[in-house]
Amino acid sequence: MAKASHDEMVFVPLGGVGEIGMNMAAYGFGPAQNRKWIVVDCGVTFGGPDTPGVDLIMADPSFLEEQGDNVLGLVLTHSHEDHYGAVLDLWPGFDKPVYATPFTSAMLEAKRISNGITEKVEVIGMRPGVPFDIGPFTVEAINMVHSIPESNALLISTPVGQVLHTGDWKLDFNPVAGAPTDADRLKQLAKRDLPLALICDSTNAMKDGESPAESEIGDTLAKLIAEAPHRVAITTFASNVGRIVSIARAAEKNGRKVVLSGRALHRVAGIARELGLLEGIPEFLDQNMFDQVARDKVVLLCTGSQGESRAAVARIARGEHPAIELAPGDTMIFSSWAIPGNEREVIDIQNRLIDRGVNLITNSHDRVHVTGHPRRGELIELYDWVKPDVLIPVHGEAAHLEAHAKLGKAQGIKTVISIRNGDMVRLFPETVTMRGEVPVGVLYLDGEVLCTPEESGVRGRRKLSFGGSVAISLCIDKRGELVSGPDLEIDGLPELDDDEEESPSDIARKTVRGVMRGMPPKRRGDPEVLGEAIRRGVRGEIASYWGRKPNVTVFVHRV
């Protein structure tokens, strides 16, 4: 393709820059008024205390929708939820292909079936080291070790320049499952004719040294299992096939059988075995075999490392699991770390296990988990290999991005750009940053409904959770005289068991009568006017009693 002077390559993060999770990036090529676009990743983050009732949060794709048919496709780096979790919710509307490796494709299809989603997306297979074209872009997947199989960096080439979008990665040249990071291919990128921008993972940019290898975890688990006198239960991220292999080998070394509990683990293990990633690993037993294996010959591998209330670990901790019970003296290993926002739920489950007499082991006791992201030493090594002209830190909160940017500058990278979601960077021919160029936002998956925060009703739920509710219903005649009521429904307000203390119900009834006595009959006969006066009066009087303003709703019926 001939190089045209008005062609530009641009980068726009729509999610995942300034936050952990919800990754979505767009790359554009062509003249400013007629760019073609490809999208990299389409992930989610999870609802928390500030979004009651919301299961998933994802980047709003409105900018991409405005581009219409200029959006050519979606390329997935790997199948962690924060990188592919929104595909089935957002991408069918684009009617464009998804490019993914065999493992990611299988995970996507299994997710679709498990969630009962009938609408499919077109998936086109990709393999590391085999470039393919999407319009004016040439894309090549490069294998990178991460805590899930087939995680890839993407080399995205155009006539004006190249981008290495790292995805999630670490340097591990002897991984437990899957291929190692392709150092040779990465080093080849330094010998190039075009400028190169590095769009790079920042998750561990505040940590010195290098991330420990997965093989170290296998050694630790083998030692802990050997020392355990009774049952050993282990919970980890279900998608971490390398950890599943480490656990299986550690169990086999100690003459124990592995029992799986949790749909996500069965799904991932099934896909991994089908694709040859569990070669040499004995078949796992289902949870209904748990009681049939001797107490000192079993390793239970179960879901729920993030404190999910319906997952296996939580049900075991509550004594509510239909097939599994841990007894005093058994051991539970949390081979994971709590994603920010999940800490309280994880700690609650751990405390319940301790109360049941279970011996608890976490990463604070022994090295039972390692990250899948690069520390500063690995980042420096990657800089030395690819020698980027431009560095843009992504995949991190503000502190991670700033630490990464400072590291890049200290290592002599010529151009280091700090951006946030919605900023557009013209990468090539010359680098220019346009702050806030693209409108960005989020969508909530609220039950089965995909909606904006304004549409979701979450604000009202937060108000209800803080102030409770008072509903008042009464009937008046044409003259504004009370015919029946007021009937009250109060929820979430304190009701003291004290005969000498007025309750919120007493206060509300007294206030209704007082408001009606104080209003002229003509105004009192207007249901809207009377209802608003009662609402204000009851809210104010209960606030004086309680110190908080409840949510008050008044229904006035004229008969």
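## A walk through the fold

Strand β5, covering residues 54-59, and strand β24, covering residues 442-446, run antiparallel to each other and are held in register by five bridges. That pairing is a handy place to enter this model, which is a predicted one. If you want a specific spot to look at, find Leu56: it stands opposite Leu445 in β24.

Now step sideways from that pair. β5 and β24 belong to an open sheet of four strands, ordered β4-β5-β24-β25, and the pairing is antiparallel. The edges are taken by β4 (44-46) and β25 (449-451), each of which pairs on one side only. Going from one strand to the next, the twist averages 25°. As background, strands of a sheet pair through backbone hydrogen bonds, and they can do so in a parallel or an antiparallel way.

Zoom out for a moment. The protein chain has 559 residues, and 53% of them count as buried. Its secondary structure comes to 17 helices and 28 strands. Along the principal axes, the C-alpha atoms fill a box of roughly 90 × 70 × 45 Å. If you take the contacts with a separation of 6 or more, 71% of them are between residues 24 or more positions apart.

Next, the empty space. Rolling a probe the size of a water molecule over the atoms shows where such space is left. How many cavities of 30 Å³ or more does the structure hold? There is one, and its volume is about 130 Å³. The lining of this largest cavity is made by 17 residues, with Asn23, Ala25, His165, Val394 and His395 lying nearest the centre. Two elements, β1 (8-15) and β2 (24-30), give two or more residues each to that lining. β1 gives the most, with three residues. Sorted by class, the cavity lining has eight nonpolar residues, seven polar ones and two charged ones.

One of those central residues deserves a second look. His395 sits in the loop between β20 and α12 (398-410), and its phi is near 55°, a positive value in a residue other than glycine. Is His395 buried or exposed? With a relative accessible area of 5%, His395 is buried, because anything under 20% counts as buried. So here a backbone oddity and a place by the cavity centre come together in one residue: His395 has the positive phi and is among the residues nearest the centre of the cavity.

Lys387 shows a similar backbone feature. Although Lys387 is not a glycine, its phi is positive, at about 50°. You'll find Lys387 in the loop between α11 and β20 (390-394). For context, most residues other than glycine have a negative phi, and most peptide bonds are trans.

That last point brings us to the prolines. The peptide bond from Phe428 to Pro429 is cis, with omega near 10°, and Pro429 is placed in the loop between β22 (424-428) and β23 (432-434). A cis bond also joins Gly485 to Pro486, where omega is near 0°. Pro486 lies within a strand, β27, which spans residues 482-491.

On to a residue in another loop. Thr362 is found between β19 (359-361) and α11 (376-386). Why does Thr362 count as buried? Its relative accessibility is 12%, and the limit for buried is under 20%. Leaving out residues up to four places away in sequence, Thr362 touches Phe334, Gln350 and Val368.

Finally, have a look at a space that is open rather than closed off. The second largest pocket contains about 410 Å³ of space. It is lined by 30 residues, and nearest its centre lie Ile148, Pro149, Glu150, Ala177 and Gly178. β10 (137-144) and α7 (241-253) are the elements that give two or more residues to this lining. Which element provides the largest share? That is α7, with three residues. By class, the pocket lining divides into 14 nonpolar, 10 polar and six charged residues.

Conventions. Residues are numbered from 1 along each chain as its sequence is written. This is a predicted model: local features need pLDDT of at least 70, side-chain atom pairs count only at pLDDT 80 or more; totals for chains, interfaces and linings use all residues. Side-chain values use heavy atoms; hydrogens and water are left out. On a 1 Å grid over the protein atoms alone, a cavity is a set of points where a 1.4 Å probe fits but cannot get out, and a pocket is an open set with protein on both sides within 12 Å along at least five of seven lines; lining residues have an atom within 4 Å of a point. Grid points are joined across faces, edges and corners, and a volume is the space filled by probe spheres set on the points. Ala, Val, Leu, Ile, Met, Phe, Trp, Tyr, Cys and Pro count as nonpolar, Asp, Glu, Lys and Arg as charged, and the others, Gly among them, as polar. Two strands pair if DSSP finds at least two bridges between them. Axes are lines fitted to C-alpha atoms, for helices over the stretch in contact, and angles run from 0 to 180 degrees between N-to-C directions. Buried means under 20% relative accessible area, exposed over 50%, partly exposed in between (1.4 Å probe, protein chains only). Contact means heavy atoms within 4.5 Å.
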